[in-house]
Amino acid sequence: MILEYELRDDALVWIKSPVTGVISYVVDVRGKSFAFTLGGRDELKPDPPPLEPETLHNAIRACPFCPGNEHQAPPESLRLTPAEFPGWTGAAQIEGAGWVIRAFNNLFPRIPEALTGGRNESWVVVEDPRHFLDRPRSINDLTFTAALGERHFLELIKTDVRLMREIFANSSVHSVVVRKNQGRESGASQPHPHQQLIGSPAPLPAVEAEVRAQHERPGWWPELLELVERLGLLIERDGPVVSYSSPIGAFPRSYDIVMPDYHGLLVDLPEVDLQRFARALYRILRILGPLPLDYEIHQDPNLPLHAHVNGRLYPYSNVAGTLNLPSVLPQNVAALRKALTRG
Ligand SMILES: [Zn+2]
Ligand SMILES: [Zn+2]
């Protein structure tokens, strides 16, 4: 046994992350109230006040990621045009759109430029020109990634790969992370759907810790996959790609998408596997829909390629290096699997 955990009557009691050392304890939280955490979310109220068109226009006018405001953002590095994406669902909604996806430098670099050869290697990838959903009923009816569709998400990941090639052309960059925040509860600073790509001189600490764990306990990931399957936490398997509800995630509702046998970078992944990886990630996003979430794609030559998705609606309760996992997790995953086969 490489992982540290305890089972009683075939149910998980606790498990320790080999990466962070955090221990997740499985507890019954069915009687616990989430009213405070979920309170104050206007979009959950059944009848929001009627929306003034001026309110929408003002939000769009003020958004640096909306079409027409391109001059408010740093110069563009690359774009995907509607002509390059014939199936784009926004064509009818946004007439004469010049772009579907576009990338430019983040105004606020995550890593000082001096550390990456004098170039800002923090990037923003705007996922779509549409700020609001079709026929929004509230100012919170924002476009979200799952609403864009699976094909669109694949185009987004392919655009990330194009951008990554440019970032890796900077010889002082040795690692790139993809990050997404959706919803203000996840810490998103802009409502318009976008991702971040961050190029860094060395693997960032989360990836570095995973490389260290991989080195100290080779084989922990395959063992985790066996365990999640046994516990009923496996979501889907598509060729070399596996997704599961993680008992060692950063949040009580965390999902991983992993390619256990592919140790490498997105830019080197064959197209067919890139599609499978993007699809598996998209399917988790589709289940979460407009809910607040974050995800990161972690890549390193010494690690299985993977992504972490965190559902952020629930209270975050890391207490002194411990988390609580709801004991109903396997039932949740069973419901999730069912929803995926229906869709
Ligand atoms: Zn916008
Ligand atoms: Zn990771």
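Student: Where is the place of Arg184 in this model?
Tutor: The model is a predicted one. Strand β7 covers residues 175–182 and strand β8 covers residues 194–200. Arg184 has its place in the loop between β7 and β8.

Student: Is Arg184 buried, partly exposed or exposed?
Tutor: A residue is buried if 20 or more other C-beta atoms lie within 10 Å of its own, and exposed if 12 or fewer do. For Arg184 the number of other C-beta atoms within 10 Å is 13, so this residue is partly exposed.

Student: What separates the C-alpha atoms of Arg184 and Leu274?
Tutor: Along the chain, the two residues are 90 residues apart. Leu274 falls within helix α7, residues 271–288. The separation of the C-alpha atoms of Arg184 and Leu274 is 29 Å.

Student: How many bridges join β7 to β8, and which residue is the bridge partner of Ser175?
Tutor: The two strands run antiparallel and are joined by 6 bridges. In β8, the partner of Ser175 is Ser200.

Student: Which strands stand at the edges of the sheet that contains β7 and β8?
Tutor: This open sheet has 10 strands with antiparallel pairing, in the order β4-β5-β6-β8-β7-β12-β13-β11-β10-β9. An edge strand pairs on one side only, and this applies to β4 (76–80) and β9 (234–238).

Student: Which helix packs on this sheet, touching β9, and what angle does its direction make with that of β11?
Tutor: The helix is α6, residues 220–231. Besides β9, α6 touches β10 (241–245), β11 (254–263) and β13 (304–311). The direction of α6 makes with that of β11 an angle of about 135°.

Student: How many residues of β10 are buried?
Tutor: Val241, Ser243 and Ser245 point one way from the strand, while Val242 and Tyr244 point the other way, and all are buried. Strand β10 is therefore largely enclosed by the rest of the structure, the buried residues numbering 5 of the 5.

Student: Which residues of β9 and β11 stand opposite Val241 and Tyr244 of β10?
Tutor: Strand β10 runs antiparallel to β9, with 4 bridges. Strand β10 also runs antiparallel to β11, again through 4 bridges. Opposite Val241 stands Asp238, and opposite Tyr244 in β11 stands Asp256.

Student: Which residue takes a positive phi in the hairpin of β9 and β10?
Tutor: This hairpin has 2 residues between its strands. A positive phi near 60° is found there at Gly239.

Student: Which residue takes a positive phi in the hairpin of β1 and β2?
Tutor: The strands β1 and β2 pair in the antiparallel sense over 5 bridges. Their hairpin has 2 residues between the strands, and the phi near 50° belongs to Asp9.

Student: Why is one side of β1 and of β14 left without a neighbour in the sheet?
Tutor: Four strands, in the order β1-β2-β3-β14, form an open sheet with mixed pairing. Strands β1 (4–8) and β14 (322–326) stand at its edges, so each has a single partner strand.

Student: Which residues stand opposite Trp14 in β1 and β3?
Tutor: Strand β2 (residues 11–16) is joined to β3 (residues 23–27) by 3 bridges, and these two run antiparallel. Trp14 of β2 stands opposite Glu6, and in β3 the bridge partner of Trp14 is Tyr25.

Student: Is Tyr314 buried, partly exposed or exposed?
Tutor: Tyr314 has its place in the loop between β13 and β14. A residue counts as buried at 20 or more other C-beta atoms within 10 Å and as exposed at 12 or fewer. Tyr314 has 18 such atoms, and therefore is partly exposed.

Student: Which helix gives the largest share of the largest nonpolar core?
Tutor: Of the 64 residues in this core, Val125, Leu197, Ile257, Phe277 and Leu281 touch the most other members. The largest share, 8 residues, comes from helix α7.

Student: What radius of gyration does the chain have?
Tutor: The C-alpha trace spans about 60 × 55 × 35 Å along its principal axes. A compact globule of 343 residues would have a radius of gyration near 20 Å, and the chain agrees with this, having 21 Å.

How values were computed: Residues numbered from 1 in each chain as written. Chains lettered and ligands numbered in written order. Predicted model: local features only at pLDDT ≥ 70, side-chain atom pairs only at ≥ 80, totals over all residues. Rg over C-alpha atoms; globule rule 2.2 N^0.38 Å. Pairing = 2+ DSSP bridges. Core = buried A, V, L, I, M, F, W, Y, C linked by C-beta atoms within 7 Å. Contact = placed C-beta atoms within 7 Å. Axes fitted to C-alpha atoms, helices over the stretch in contact; angles between N-to-C directions.
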